[in-house]
Amino acid sequence: MKRNRVILLIVFFLGFSCENVSPDDNFIIGQEISFHFGNEYYSNDNKIKLTVTEINDSRCPEGAYCFWAGMVQVEILLNLMEETKSFTLNTLNNPSDTIGNYVVSLINVTPYPKLNETIPKEKYNVILSISEVEN
């Protein structure tokens with residue numbers, strides 16, 4: 001009976017010591033970082049939670065001849081301590097936005113599309129830079 005309590009206690013503490021956030025899901029404000037579709041990311045100070053909620057890629061694929069170069073559009077959900085904001089950035093005319101005291105900038109989206117290939121959203125890397133607004 002005493003042994004079962006010890007095992008139960010160990011399992012209990014192990015359960016609370018594990019978090020769903022891995023070190024790869026943390027980011028440092030002021031640095032460029034790659035975000036994946038659908039994953040939740042937290043700033044190293046836990047003031048920001050960011051999720052890429054949608055990716056629409058209309059860029060002209062490699063191997064194709066297009067009239068228009070196209071663009072990639074990324075929808076982001078940003079949770080700050082006091083507000084939650086959903087906003088869209090794109091590579092054509094809206095590469096950055098200011099939310100609260102932070103500027104979120106779209107740096108790049110990879111991989112680049114190829115002719116006759118479909119890229120699952122989970123395979124995209126959305127490279128963003130998040131910096132604090134200087135007062």
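Buried means under 20% relative accessible area, exposed over 50%, and partly exposed in between (1.4 Å probe, protein chains only). The model is predicted: local features need pLDDT of at least 70, side-chain atom pairs count only at pLDDT 80 or more, and totals for chains, interfaces and linings use all residues. Residues are numbered from 1 along each chain as its sequence is written, and side-chain values use heavy atoms, with hydrogens and water left out.

**Exercise 1. Chain overview**

Task: State how many helices and strands there are in the chain, and give their pattern.

Solution.
- Helices (H or I, at least four residues) and strands (E, at least two) are DSSP runs, numbered from the N terminus.
- The chain has 1 helix and 9 strands.
- Along the sequence they read α-β-β-β-β-β-β-β-β-β.
- Of the 135 residues, 27% are buried.
- Contact means heavy atoms within 4.5 Å.
- Take the contacts between residues at least 6 apart in sequence: 43% of them join residues at least 24 apart.

**Exercise 2. The nonpolar core**

Task: Find the residues with the most contacts inside the largest nonpolar core, and say which strand supplies its largest share.

Solution.
- A nonpolar core is a set of buried Ala, Val, Leu, Ile, Met, Phe, Trp, Tyr and Cys residues joined through side-chain atoms within 4.5 Å.
- The largest one has 25 residues, and Leu 50 and Leu 128 have the most contacts inside it.
- At least two residues of this core come from each of β4, β5 (72-80), β6 (84-90), β8 and β9.
- β5 gives the largest share, 5 residues.
- Now list the partners of Leu 128, leaving aside neighbours within four places in sequence. They include Phe 35, Leu 50, Ile 76, Leu 89, Val 104 and Ile 107.
- Gln 31, Glu 32 and Ser 105 are also among the contacts of Leu 128.
- As background, nonpolar side chains tend to be buried together in soluble globular proteins.

**Exercise 3. Backbone outliers**

Task: Locate the cis peptide bond, then find where Asn 46 and Asn 116, with their positive phi, are placed.

Solution.
- Most residues other than glycine have a negative phi, and most peptide bonds are trans.
- Thr 110 and Pro 111 are joined by a cis peptide bond, with omega about 0°.
- Pro 111 sits in the loop between β8 (102-110) and β9 (125-132).
- Asn 46 is not a glycine, yet its phi is positive, about 60°.
- Its place is the loop between β3 (40-43) and β4 (48-57).
- Asn 46 counts as exposed because its relative accessibility is 57%.
- Asn 116 has a positive phi near 65°.
- Asn 116 lies in the loop between β8 and β9.
- At 75% relative accessibility, Asn 116 is exposed too.

**Exercise 4. The disulfide**

Task: Identify the disulfide and decide whether it is right-handed or left-handed.

Solution.
- A disulfide is a pair of cysteine sulfur atoms within 2.5 Å.
- Searching the whole structure gives 1 disulfide.
- It links Cys 60 and Cys 66, with sulfur atoms 2.0 Å apart.
- The torsion about the S-S bond of Cys 60 and Cys 66 is about 80°, so the disulfide is right-handed.
- Cys 60 is buried, at 14% relative accessible area.
- Cys 66 is partly exposed, at 40%.

**Exercise 5. Contacts across the sequence**

Task: For Asn 56 and Glu 62, give the contacts beyond four places in sequence.

Solution.
- Asn 56 lies in strand β4.
- Its relative accessibility is 40%, so Asn 56 is partly exposed.
- Asn 56 is in contact with Met 71, Val 72 and Gln 73.
- The C-alpha atoms of Asn 56 and Val 72 are 5.7 Å apart, at a sequence separation of 16 residues.
- Glu 62 is in the loop between β4 and β5.
- At a relative accessible area of 43%, Glu 62 is partly exposed.
- Glu 62 touches Tyr 112, Pro 113, Lys 114 and Leu 115.
- Between Glu 62 and Asn 116 there are 9.5 Å, C-alpha to C-alpha, and the two are 54 residues apart in sequence.
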